[in-house]
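Here is a short briefing on one protein model. Look over the sequence and the 3D view, then read the points below.

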Amino acid sequence: MEWVLLALLVLALPVMAVAGFFMALNARRRIAELEQRVSLMEAGLPAAAAAPTTPPHSADESAAAAEEPLAAAPQAATPDDTAAPVFPPEGADTATPQPAIAAAVAAPPRQSLEEVIGTRWAVWLGGIALALGGLFLVRFAIEEGFFGPTARIISGALFALALLAAGEWMRRRDAGGEATTVSLGRLPPAPVPSVLTAAGTLAAFATAYAAHALYDMIGPATAFVLLGAIGIGTMAAAALHGPWVAALGLVTAFVAPLLVSSADPKPWPVVIYLAVVAASAYGLARLRLWLWLAVATAVGSGLWAFVIIEASFRNHLEAMVHILVQTALVAGFVAWDVHRRDADEEAAPDPVAIVMLAGFATLAAYKLQVAGLGAGRPVFAGAMLALLWGTALRIPSVAAVGLAGTAVVAAAVFGWPLASEIARQSVTVLPGAPSNPPLPDALWQLLVLTIASGAALAAGAFLRLVRTPVIAPVATGFYAAAGVAGPLALLVMAWWTVADFDRSIPFALAAGAMAAAFVATAAFFKREMADGENRSARFGLEACAAGAIAAIAAGLTMVLDKGGLTVALALSAAGAAWVTTREPVGTLRYAVGVLGVAVLGRLIWDPTIVSGDLGSIPVLNWLLWGYGVPAASFGLASVWLRRQKDDQVVALAEALSIAFTAFLLITQIRHAITGTLDAREPGHLEAGLQAFASLTLAGVLVWLEITRRSLVIRIGSYVFGASALGMAVLGLVMAVNPLLNRSELVGGGAIFNTLLPAYLMPAIAAVVLSVVARGRRPAWFCWAALGLGFVLQFLWMVAEIRHLFQGELIEFSRPTSDAEIYAYSAAFLVMGLALLAIGIVRGSQTARLASGVYILLTVGKVFLIDMDGLTGVWRALSFIGLGLALVGIGLVYQKLVFGRPRQPPAPPPALDEGPPATA
């Protein structure tokens, strides 16, 4: 414990020193600003003219274009932000300057290329030349052997000090000359002091490194401290010399530990050193409003986290402390200090701070996947959650990081090596003690972490929403999501880790208790809403209602077996939709959609519902339970949701109900015929029944559209009609046609056989679809359905006749008798006459045209096939029957169809006559 306190003290002292330095520098700037205000007031100018000006010690304006304020700084940067305080002084006069003063701060004129090259580039190139010249001088001295190692190091140090002194002298000289009289918006022509200072710091860094790496004049510890001090000092000088010096200092500070080699490397000094470097950089970034410096510091600290994680494979404490400290620094400097004065109702999300904190949360989750953390795992995960969740609750602009804290704990639970840790523990039962051993310590730690984290998330969100009636909508949504989805996610993750998604009554009871808590909280928020305008309570009500539904679904999943997940989610969706009819909670509508997508994904992942164990009874099996319940649930949900409004959620519920109904019919047909749902090729019976189911669904959807106008229903009818057409053409007509495929055998009796459901039933369904769709679908849809029915009926009739003469094998390659050939002619003729009779009785031209097709088929067959293929009495009977039929058809058309004489039109009346008399 003593060394821990000592380490904290060592860590705190440099941080406090750096913070004190920046506080003193800020106070010095404010004093300079006040002195300027007093001088202007004494000169008779208004105080408003005293805009923050460049202090005497600033010479970095040449890089002002590279400076950018922190994303959510409390105030906008002034034209010369080098002297702008973080917050304006109390009571500062912010009135608009008078015209005389405004003219003094006019925009600077555009600089020419000659001016840019002569006043800026020359200076920077000169600074680089100075640094290289010093290096070349040292190299020349080494090659010629002029000086010994000590003299070389001393010369390098003196050269660095000379450059630093020159830079400081020029900065002070410029501050006392006429350079300060340049207009406030104009950049100085050349940052000579900054260039000299940068060259001096590089020379000092190279000298210290050479003293350690080349000449072994200083040890690793001294070199580490010296290099780090140079880097931190460079960043401190950047407060006077601009962002380029800050970038140089940051790079040197982060690179310094990599340049020091040691036979026994220890991560602890690096962790403390990086904390000091990061605190200095964040403080400088906050003071000067340099967003890029804060982001670069976070990136460098994150990269170092990977190095420390890989280096501390034996003792994991260093990596966890580093991640925790760096997260705290980001939270303090980038979130708390920037947004501490923001009003809750006006807080806007800060994406930079959120991304930075989420990045360190990701590093923590990565570290928590490592085995061997022991008791440090729950402590580290809990500390990260407390830091992130506390920051989110205090600063609404970063409310989203509450979800990042939840993800850290979930990662800890997910990566918990529970089985290995339990196996290492020896649990002994004393004589006379109960036979059930106590729970292992690893399991206790996991459960305590899960329960405590879930309770902290829920309680924090509840108190935040109750105490602050009006918060920015985005932040309120994140609070509600973390307080509801967080505990649920942790419960499911613990169930996965402990029970591996197996049935667990204790976890189901925990889910039920969570659902009851959400219901009670929702009732509380409803009472809060009744007292007055409370936007936070509204968010809380909707989130808790959705959480209760989700908890019930999770509990049913944890306790049910064989497809219980699918059924539980579907029933939860129906329950959520029913609740909306009693209390119009907006999130429950979207919860129905989310549950529907989850059910659909579950069925796509395992279409058999129960991994193949469906049962042997047709229809009454797990398919009816797994597909029928979701179809009915989402159908009812669409009806209940439509009572409030007809939106995309209603359309999704309708689509899911239709899809689950189709899956139910398809899988039931497959299971009834094959007994399984494997990928074997279907036969003509299965293909026919699938086509019949698709045509029936299409007809039902067309009929439903009479009372329910819905784009989903319309699209569904087209989809099922097209699928039926595809299965009929590709399957029944070509691939599995018994007339063309010898492997397709016809089973059953003479009439009631597999041909009846495979061809005749789909034909009847197609004709019914064409009748129902008339006037409700385009003409091509109706004609396509009618044509499909005609083709399937024709194939059924041909296959049935061939089955009567050939048996179960009806492939056309077998020989055909004269009686069979005559039977086809007779059947075609009878079918044509029957359709003609129907057309006459019902006045249907379509039926009469269909009869004409059969008559033409009969005529063609008699004259082309029967004349040559039949012999004897069969050929005579064929022509006699055809002749009598054609004469009779002609007589029918003459007497019944076109038998009524047409009366000629009456002549037009004469001009002097009235209209003709009517009989």
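This is a predicted model. Start with one pair of side chains: Glu811 makes a polar contact with Arg742, at 3.5 Å. From there, the briefing moves to a helix, the cores and the whole chain.

**Around Glu811**
- Glu811 sits in a loop. That loop links helix 26 to helix 27, which covers residues 818-842.
- Is Glu811 buried or exposed? Glu811 is buried, because its relative accessible area is 11%, and buried means under 20%.
- Which residues does Glu811 touch, leaving out those up to four places away in sequence? They are Pro738, Leu739, Leu740, Asn741, Arg742 and Arg802.
- Arg742 therefore appears twice: as a residue that Glu811 touches, and as the partner in the polar contact, where buried Glu811 meets the Arg742 side chain.

**Helix 24**
- Helix 24 runs from residue 711 to residue 735, a total of 25 residues.
- From first C-alpha to last, helix 24 reaches 34 Å. That is close to the expected 36 Å.
- Where does helix 24 bend? The bend is at Ala728 and is about 30°.
- Ala728 is also one of the buried residues of helix 24. Others include Val712, Ile713, Phe720 and Leu732.
- Three glycines are on that buried list: Gly716, Gly721 and Gly731.
- The cover over these buried residues includes helix 22 (648-674) and helix 23 (684-704). It also includes helix 25 (755-773) and helix 26 (779-806).
- Ser710 caps the N-terminal end of helix 24. One of its side-chain oxygens lies 3.2 Å from the backbone nitrogen of Val712.

**Nonpolar cores**
- In soluble globular proteins, nonpolar side chains tend to be buried together.
- The largest nonpolar core here has 98 residues. Tyr282, Ile323, Trp389, Tyr479 and Met558 have the most contacts inside it.
- Helix 16 (residues 473-499) gives this core its largest share, twelve residues.
- Another core, of 46 residues, lies apart from that one. Among its members are Ala687, Leu760, Leu769 and Ala785.
- Take Tyr282 as an example from the largest core. Leaving aside neighbours within four places in sequence, its contacts include Ala294, Leu329, Phe333 and Met356.

**The whole protein**
- How many helices and strands does the protein have? It has 29 helices and zero strands.
- Of its 919 residues, 45% are buried.
- Among contacts between residues at least 6 apart in sequence, 73% join residues at least 24 apart.
- The protein exposes about 45,000 Å². Carbon and sulfur atoms supply 70% of that area.

Notes. Residues are numbered from 1 along each chain as its sequence is written. This is a predicted model: local features need pLDDT of at least 70, side-chain atom pairs count only at pLDDT 80 or more; totals for chains, interfaces and linings use all residues. Side-chain values use heavy atoms; hydrogens and water are left out. Helices (H or I, at least four residues) and strands (E, at least two) are DSSP runs, numbered from the N terminus. Buried means under 20% relative accessible area, exposed over 50%, partly exposed in between (1.4 Å probe, protein chains only). Contact means heavy atoms within 4.5 Å. Accessible areas come from the Shrake-Rupley method with a 1.4 Å probe; for residues, only the protein chains shown count as cover. The expected span of a helix is 1.5 Å times one less than its number of residues. The bend at a residue is the angle between axes fitted to the seven residues ending there and the seven starting there. A polar contact is a pair of N or O atoms within 3.5 Å; within protein, one must be able to donate a hydrogen and the other to accept it, and residues adjacent in sequence count only if both atoms are side-chain atoms. A nonpolar core is a set of buried Ala, Val, Leu, Ile, Met, Phe, Trp, Tyr and Cys residues joined through side-chain atoms within 4.5 Å.
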